[in-house]
Amino acid sequence: MCGIVGYIGSKQAYPILINGLKRLEYRGYDSAGVALLDDGIKLYKTKGKVADLEEYVKNKDITGTTGIAHTRWATHGEPNNVNAHPHLSESGDIAVIHNGIIENYDILKEKLKKLGIKFVSQTDTEVLVQLIEYVQKMEKVDLVTAVQLALSQVIGAYAIVIISKADPDLLIAARKGSPLVVGIGEDEFFLASDASPIVEYTREVVYLDDEEIAIMRRGEKLQIKTIRNQEKTPFVEKLEMDLNHLEKEGFDHFMLKEIFEQPKSIRDSIRGRLNLNKDRISMAGIIDFEKEFLNAGRITFIAAGTSWHAAKVGEYLIEELVRIPVEVEYASEFRYRNPIIDKTDIVIAVSQSGETADTLAAMQLAKSKGALVYSICNVVGSSIARAADAGSYTHAGPEIGVASTKAFTAQVTVLTLMALGLAQKKGTITKERFDHLVNELDMIPAKVEETLKISEQVKEISKIFTYSRNFLYLGRGYNFPVALEGALKLKEISYIHAEGYPAAEMKHGPIALIDKKMPVVVIAPDSVIYDKVVSNIQEIKARKGKVIAIVTKGDTVVAGLSDYVFEVPHTDELLSPLISVIPLQLLAYYVAVMRDCEIDQPRNLAKSVTVE
Ligand code: F6R
């Protein structure tokens, strides 16, 4: 949450910073600000989005070859002009941007106030910049040392970038728990919360580790030290990122573009893992720990939101195919409930961003209890990917829309490959079943492509439900997590209350909600429990609910009972979530469009949840 960008070099900083903020706006969009440094610090910040900041700085002096910029997702203090970043020290000589939370900010603030330091905002960030200035003055040290000393007093998570009027050739950055990437250009440095603002200028990057400080001095080489002043050798990596992923490419919204990218992102997630003869699956991360996986007493997934839903599909797949017991835990619960975990456990963190604070903390807890910790992440080089013992990347490409779509199907694809690969190794699947499932998986990208053709039909039906106040989503077996996911998508972007339920649970409570105004989305593709779902639909119709059904092409029974029907291609039930989720993503998208909602940046949300 919060996007941060920095630049020092020979170019004008402002255009680089503003473009960077636009790339990072998915991380927060309550307010935005920029500080530019030449003779002094020029500070511009405002409530609202990056576009509001651009408007605000029109006709103002935006020169400077060093600068920092920030787009905020408010934690401490309401989103307004004063609480917007960057924040200045009392003298106005030091400016800081910050992503994260300083947990002991109130104790530090009280101390500083007693020393006569005045505060203007309600943020924890201002405490940090005041502390740095105070330490620098009192200890009579250089800025790097002051940052080190100040950070050693801080409890919490941060990624910060600092500039000082006294040293216009210096940019300092530090991280703990929140991501920060340094881009190395020709006599210039870039800094950002992720690589997307950097990739068009340089492909050489260094991902900072926790408690590291990057010291970027104009004309000099990158220097990295720890908070305890240990020198580190920068580990330079090459960025592989397709710039097209960062543009809307003619789509009205990133979310729609990302929905339509799914045939490719699923294909990319399969590529290289399924051999040409389709008789073997190899996943690098698993090969290294094959013995541990095959002998695991239990697999526990930790995740949040959409990634939790993908993990739930993973539970069904692994238990059915590999016969290893699986638990799926909300990372936020797991981390605080003293779970029983030991060396025989494998804990798998599933995360698109690879930065979710709860998931990261839950993995650290699992590690401390001796479990092997694996990750399934989309963002290369992210904190979760780096903290794991091993892992697999989903190859969905950057996901910009806040509502997760292609990341979900890529996660389910990787989990399917994992389950099939382990089942083959463990001998818990017959050759016929393996061959069948692998062939079906290989056909999924084409079937998703075919499913996307119902987009116009979904759009038409969305018009009927634009003003519904509630939705119920029902699914069973592999499509129960899809029901949860469909409801989450609708809630997030259209602000309509929606609940996902296992279809048969409906009669234990939610059935009371059903009347002629209640749309009920029933996911009812071919499955072993198809007949049971038919009975559930009859129960809804008996109470005059409006049924929108997702059915397999050619279905007549459910289609005959339902008010509206979306037909999807046939696949094996185990793979059906990869297809049945598509109409639900489209439904959420079009309902939100009809309601004139902010699709890619829904209110109160941010894509990368780096706070608890
Ligand atoms: C839903 C959504 C969120 C995320 C959740 C976990 O559309 O985007 O629910 O799925 O915040 O995020 P990651 O996967 O980045 O750990």
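Contact here means heavy atoms within 4.5 Å. The model is predicted: local features need pLDDT of at least 70, side-chain atom pairs count only at pLDDT 80 or more, and totals for chains, interfaces and linings use all residues. Residues are numbered from 1 along each chain as its sequence is written, and side-chain values use heavy atoms, with hydrogens and water left out.

**Exercise 1.** Describe how domain 1 and domain 2 meet.

Solution.
- Step 1, bounds. The domain assignment (automatic or from a database) gives domain 1 as 3-241, domain 2 as 248-429 and domain 3 as 453-603.
- Step 2, contacts. Nine residues of domain 1 touch nine residues of domain 2.
- Step 3, area. About 770 Å² is buried between the two domains, 52% of it on carbon and sulfur atoms. Buried area is the accessible area (1.4 Å probe) that two parts lose on being put together, summed over both.
- Step 4, main contributors. Of the area that domain 1 buries against domain 2, 48% comes from Tyr-26, Pro-179 and Tyr-207, more than from any other three residues.

**Exercise 2.** Which side chains form the salt bridge between Asp-209 and its partner, and at what distance?

Solution.
- Step 1, criterion. A salt bridge needs a side-chain nitrogen of Lys or Arg within 4 Å of a carboxyl oxygen of Asp or Glu.
- Step 2, pair. The side chains of Asp-209 and Arg-386 satisfy this at 2.5 Å, N to O.
- Step 3, count. Between domain 1 and domain 2 there is one salt bridge.

**Exercise 3.** Locate the polar surroundings of the ligand oxygen atoms.

Solution.
- Step 1, side chains. A ligand oxygen lies 2.5 Å from an N or O atom in the side chain of Ser-307, and a ligand oxygen lies 2.9 Å from an N or O atom in the side chain of Lys-489.
- Step 2, backbone. For Val-402, a polar backbone atom is 3.2 Å from an oxygen atom of the ligand.
- Step 3, cover. The protein covers 90% of the 410 Å² of accessible area that the ligand has on its own, by the Shrake-Rupley method with a 1.4 Å probe.

Conventions:
Polar contact = N/O pair within 3.5 Å; in protein donor to acceptor, adjacent residues only side chain to side chain.
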